[in-house]
Structures are given as structure tokens and as C-alpha cells.
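Hi everyone, and thanks for coming. Please pull up the structure on your screens, and we'll walk through it together.

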Amino acid sequence: MDGGSAHGADLALTPSAAARMNRLAAALLLVTPLLAFAHAEQADLILVHGQVLTVDAHDSVAQAIAVRGDVILKVGSDAEVQALAAPNAQIIDLEGRTATPGLIDTHAHIADGGVDELYGVKLSDARSVAEIVARVKAAVSMTRAGDWITGAGWDEGKLAERRYPAAADFDAVAPNNPVWLMHTTGHYGVANSAAMKLAGITAATRDPPAGTIDRDRQGHPTGVFKEDAAMTLITRLIPATTPEQMRAGILHIQEVLHSEGMTAVKDPDIFQIQWDAYRSLLDAGQLKVRICVLWDAGITMASAQHALDEINSVPRLPATLGRGRLLSCGVKLFMDGSGGARTGWMWQPWMRDGRAVDLTQDGAPNTGYPHIDPETYREMVLLFQKSGVPVGTHAVGDRAMDWVVDTYALAEQQFPHPGLRHAIIHANLPTPHALDTLSILQAKYDAGYPEMQAEFLWWIGNIYALHYGPERDRRLIPLNTLKRRGILWSGGSDYSVTPLAARYGLWASVARQTSAGREPFGSAESVDRQTALRSYTAWGARQMFLEDQIGTLEAGKRADIAVWDRNFYTIPTAQIKDMKCLMTLLDGQVAYRSASFHEPIHAAGAPRRSKATRGAPPIRG
Ligand SMILES: [Zn+2]
């Protein structure tokens, strides 16, 4: 109606022309909404003959999905959906295969993990110290003398020697290259002697507060450094990742996500370089997953203020960039260390081998330690609460978690701000007090959500079982207790602590098995399939502040859809780990299609070979 040629030349209309225009305008006003309505109800993409796990309020299973643009129009029976297809609609025949909402990981360090995978020595499948040494040797042969060799992913629980690698292991193969190899948990790592020499580390170097330098019987550093305070003595010397490397790392991981049916991730510990990389990929039209970030707020009020300044310089929630592609979701704080390094802050001591109590260097029972001064932590949370910024706090030990939930309760009481959805990251071992507090926080303030990693029980389950000991093992990651009490949580991998694929987390939520196939954690805290899937979809969407847009397959939601070769609700537990993603859609666009998914995408008008549909059940609710 803003047509051009009439303007200027025909400014003065004759009375009859004016009347005609008015009648035309009136008619258009009447007709346009009806036209728009009829138009909007036509789907340009339909998926039919499937088993659609909707994750709606009733865990309904439907047959088909109609999509228009980037939005789901309808989820229902084949007939209902086919009736909506526009004449030229694309049709994907699922032939009985399963569709779920795109899976959501609410704790995965994908930017840094991607850089490690592209540029570092990969150690997650190393099965002996000798193998690690051999890989470092190979890396040295391709590197100039003096340059750093970095790598990540080793786990002594999977090494034949059942011990940490030590500096001495690498000195023969890397005499002239500093080496830093991060443990899979990211909470400790090993340096070689060249790296320690560069850093000026000697037997006289004292442990920093909230950090541990491992030593032999004579007091000489072994090369293993635990927690940031100690690790940075070495890692501050490693050349920084470049912006190009960061973008390449993200693009690399984005492909992995798509191939695993994953469409949204919370990247929980970022700095400006990661944000800039995400932002520039978004601007270039290359960001094809939804990313919600937490800014690292450090351990001091100054670093907290710095994080707040960074947050205030980008769009704040509920605003998103790229229509729900990139969100600044708050800050990350660390309350304590890890269960792998036995540095988590505990009420009862860590165990060394499942039987004996672990002792500190001065012979006291080791109950771990806070990563940050607890009172400073509290002050930081109050600052963010007053500023309306969501907080996610890493808490592995039960004592750390109690401090975190009490701090959230205090902050909400003093400066109520329902809806910030403060999270407890990992939340391995909630006490009865923590559970009570979570219930209240969620009901009253829409806050206090565990972001948990069932995968820990599998991937680092060997060392976890020994470090927590038999009694606590049974209560680790107590998903069923949370479910019984109506406490919501969301799932995640903590990649690259564990592998990225969400199917492993779905499996671990049900199976609770170690990588050695043992079950020290029991099955009392397993959850049913429906709940497990919800924790990687609908509940994950809440923690990304996108629950109105993603997380379920329902009319009005964005068309983020994963197609699988089997039905997660009905396959034997052991098979869950082996589910194969066949296709991933983001915003209604095909982001990934497996080579084994041969089913053609037809246009609606084109002739199709007829084929009986396999066992797609009618919708039920
Ligand atoms: Zn993490």
C-alpha cells in the first residue's frame, strides 16, 4: 500500500477516484486479516510418520510436526499436520523414526573446548602415562624448540598406572619445550620441568591460598598443580588464544553439536574474547546454535565490578541477539574445587581410595577448601542481586553448596528479584538443608536451580567413587530425590570435562554406571526417561531464559528439532548411549543431516514412493 508511482504525479485525486480509493482501502482492511490468517496456517515444512516426543506438560507422543518459517504451527496426527501443508511444502517422511526437541546443554565450555580440540594434544582417550608421553613426543616433533605444548583430557582413573603423570615423565621427550596438560576436570594439570623452570617454581615455592602444588616425599614439586590459584603460576605463561582460533574452535564444536541433535548451550565461564567471537560469528550469519553465556566474575569485588561493566556493555536479559541466538545470561562464580582433585569444600573428609581418609600435607583430614573467601562471595552475590544479574555458582562439595544456597536465600530476602534463576553448578551432593532451601528458592523466587552433570558418574565415576566413598556415592547427583521433591534441574556435560553429546547425559541419568561398567552409585537416584529428557530440553530452556521459545515441540515454539534412529523412551537402557542423530533442525532449517538418513525431502506436489508407515502411535496425552 505504499506504492510509489501515484505519489507526486497524482496528488490531486478526483472525487470519484478518492471514493474508489476509500472503498478499496476499506475492502483491504476487511480482507487482509483473513488472508493473513489463512496464509499463516499453511506449513512450508512438515515432518510426518514419526514418533514425536513433544516434552509437553503430558509428555505426549505425536506423529507429525508442521513448521512455518522458524516456528512450529502444529504438532499432532499425520492427518492434522498434512492438512496444513502448503502446496509447495517440503515433506520429511520420518518413517517411524523419533523426533525430540533440540537437546540443550546448560553447562558446556564449548569455546575453550573447541580451541583445545583444534590446537591441543587430545588426551581424553589416553589409557596409560606412556601413551600421554608418546603423544607429547609426537607434538614436540612438530613444534619449534621453546614453544609451548598444551593438551587436555587426561584422567588418572582411566590410566593403567592409576597415578598422575609427573614432570619427570616428560623431561626426556620435551627437554626444550614447556608442557602443560590439563586434567579432564580442568581443576588440575601437569607441567614438565621446562615449564616449571620458566615459572620459577622450586621446592621453596609455597602453596598459594586456595591452591595446591603437589610434592614428593622430599618436598619437590611433582609437576601437578591444583586449582586456579596454583595452576595460573604456570598457565599465565601460555600464549593467549587468538580471536581467529576462538572462532574456529566454536565453529568446530558447532558441527559436533549439530551431529548430536543439540541446538542450545550455556557456555558458563567466558571473558571478552569468547563473547567477541560469538558476536562476530552471529554478525557473519555463522552462529547456528543458541548460546547463553555466563561471564567469569573472578574472586574479588574488583573482578565482580569488571564483570558487571562487561554485562552492562551488551544487551541485558530479556533482550537477545539474533532472535534467541546469543544471550548474556549472568555471571559465573566458583565456591570450591573438584571431586577429582579432592578440593571440593566438604563437611566430611575426602577419601583417598574409597576406604582411607585423605590427608592434607600437614596430616589433617582433607575437607577441601573454598575457592574464594566465603564472605567476599556473599558480598559479590549481593552486588549482582541488586543489579538484577543472574548468578551461577560452581559448588561441588556439600559444604560449598550449603553456603551457596544460603547466600541466594539471603540475597533474595534482602533484595527480592524473582526470576533471576540463580543456579548451583554441579550440585553433586546436596544436604537435606540444601534441598529444603532449593524448594523454597524455586517456589518463592524462581531461583536456586541445580545445573547438574549425570555424566560425571560415568566419565569420571572411577575416581568419584573412590573419593566420595561408599556412603556418599549413593547420594551423589540425586536426581530422583530432586524429582520427588519437585525441584527442577537442568542437565549438562561440563564439556570438555566429559564428552559433549547429550545422549550420554540422558543415559547416565538413567543408568548411573561408571566407565568401567560398575554401579557404586546404586540406582535409587536414577530417573525415568521422560524426566531425563525434560532435564535436557524444557528445563534447560528455562535456565537459558528461552522457555517460551524452545525446549518442547508445541505450536508457537521455534522449530529446533532433532531426529533419531531410535525412540529414547522405549529402547533398552544400554542402547541410549548409542542413539544416532539423523537430522537436526534449527529455526526450521536443516543444520545437519546424517549420511545414513537417506529419506528424501519431497515437495508436497511431487510423486512419492508409497511406503507403509511403521508403528507410529496415535497422539496420546
Ligand atoms: Zn564447568
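Let's begin with a bit of vocabulary: two strands count as paired if DSSP finds at least two bridges between them. Keep that in mind as we look at this model, which is a predicted one.

How far can we trust it? The mean pLDDT of the chain is 91, and 90% of its residues reach 70 or more. There are weaker stretches, though. Over residues 24–38 the pLDDT is below 50, and this stretch has 0 contacts in the model beyond near neighbours in sequence. Residues 609–621 also have a pLDDT below 50, but that stretch has 25 contacts beyond near neighbours in sequence. A good habit to pick up: where pLDDT is low, the predicted coordinates should not be read in detail.

Now to the sheet. In what order do the strands of the open sheet run? The order is E8-E15-E16-E17-E18-E19-E20-E21, which makes 8 strands, with parallel pairing. At the edges stand E8 (103–105) and E21 (490–491); each has a single partner strand, so one side of each is left without a neighbour in the sheet.

Let's zoom in on one pair. Strand E16, residues 290–296, and strand E17, residues 326–334, are joined in the parallel sense over 5 bridges. If you click on Cys292, you'll find that it stands opposite Leu327 in E17. Packed on the sheet here is helix H11, residues 301–312, which touches both E16 and E17, and its direction makes about 150° with that of E16.

Follow the chain on from H11 and you come to a peptide bond worth a stop. From Leu317 to Pro318 the bond is cis, with omega near 5°. Pro318 sits in the loop between H11 and E17. There is another cis bond, from Tyr495 to Ser496, with omega near 10°. Ser496 belongs to the loop between E21 and helix H18 (502–511).

Why point these out? Because most residues other than glycine have a negative phi, and most peptide bonds are trans. That brings us to some positive phi values. Arg421 is not a glycine, yet its phi is near 55°. You'll find Arg421 in the loop between helix H13 (398–414) and strand E19 (423–426). Is Arg421 buried or exposed? The cut-off for buried is 20 or more other C-beta atoms within 10 Å, and Arg421 has 24 such neighbours, so it counts as buried. Phe545 also has a positive phi, of about 60°. The loop holding Phe545 runs between helix H20 (538–543) and strand E22 (561–564). With 21 other C-beta atoms within 10 Å, Phe545 is buried too.

Since we've reached E22, let's stay with it. Both faces of E22 are covered: Ile561 and Val563 are buried on one side, Ala562 and Trp564 on the other. E22 pairs in the antiparallel sense with strand E7, residues 98–101, over 4 bridges, and there Thr98 stands opposite Trp564. E22 is also joined by 4 bridges to strand E23, residues 581–586, and those two run antiparallel. In that pair, Ile561 is opposite Leu585.

Now some helices. Two packed helices are described by the angle between their axes and the distance between the axes. The axes of H12, residues 374–386, and H13 come within 10 Å and cross at roughly 40°, which makes H12 oblique to H13. Among the residues making this contact are Tyr377 and Val381 of H12, and Trp403 and Ala411 of H13. The crossing of H12 and H13 is right-handed.

What about H9 and H10? The axes of H9 (residues 243–259) and H10 (residues 272–283) come within 9 Å and cross at roughly 65°. H9 also passes H10 in a right-handed crossing. The contact residues include Met246 and Ile250 of H9, and Ala277 and Leu281 of H10.

One last stop: how many residues of H18 are buried? The count is 10 of its 10 residues, and among them are Arg503, Tyr504 and Trp507. Right after H18 comes Arg512, whose phi is positive, near 50°.

That's my tour. Thanks for listening, and do rotate the model yourselves!

Technical notes
Residues are numbered from 1 along each chain as its sequence is written. This is a predicted model: local features need pLDDT of at least 70, side-chain atom pairs count only at pLDDT 80 or more; totals for chains, interfaces and linings use all residues. Two residues are in contact if their C-beta atoms, placed from the backbone, lie within 7 Å. Axes are lines fitted to C-alpha atoms, for helices over the stretch in contact, and angles run from 0 to 180 degrees between N-to-C directions. pLDDT is the predictor's confidence in each residue, from 0 to 100. A residue is buried if 20 or more other C-beta atoms lie within 10 Å of its own, exposed if 12 or fewer, and partly exposed in between; C-beta atoms are placed from the backbone. Angles under 35 degrees count as roughly parallel, over 145 as roughly antiparallel, 65 to 115 as roughly perpendicular and the rest as oblique. A crossing is left-handed if the near helix is turned anticlockwise from the far one by less than a right angle, and right-handed if clockwise.
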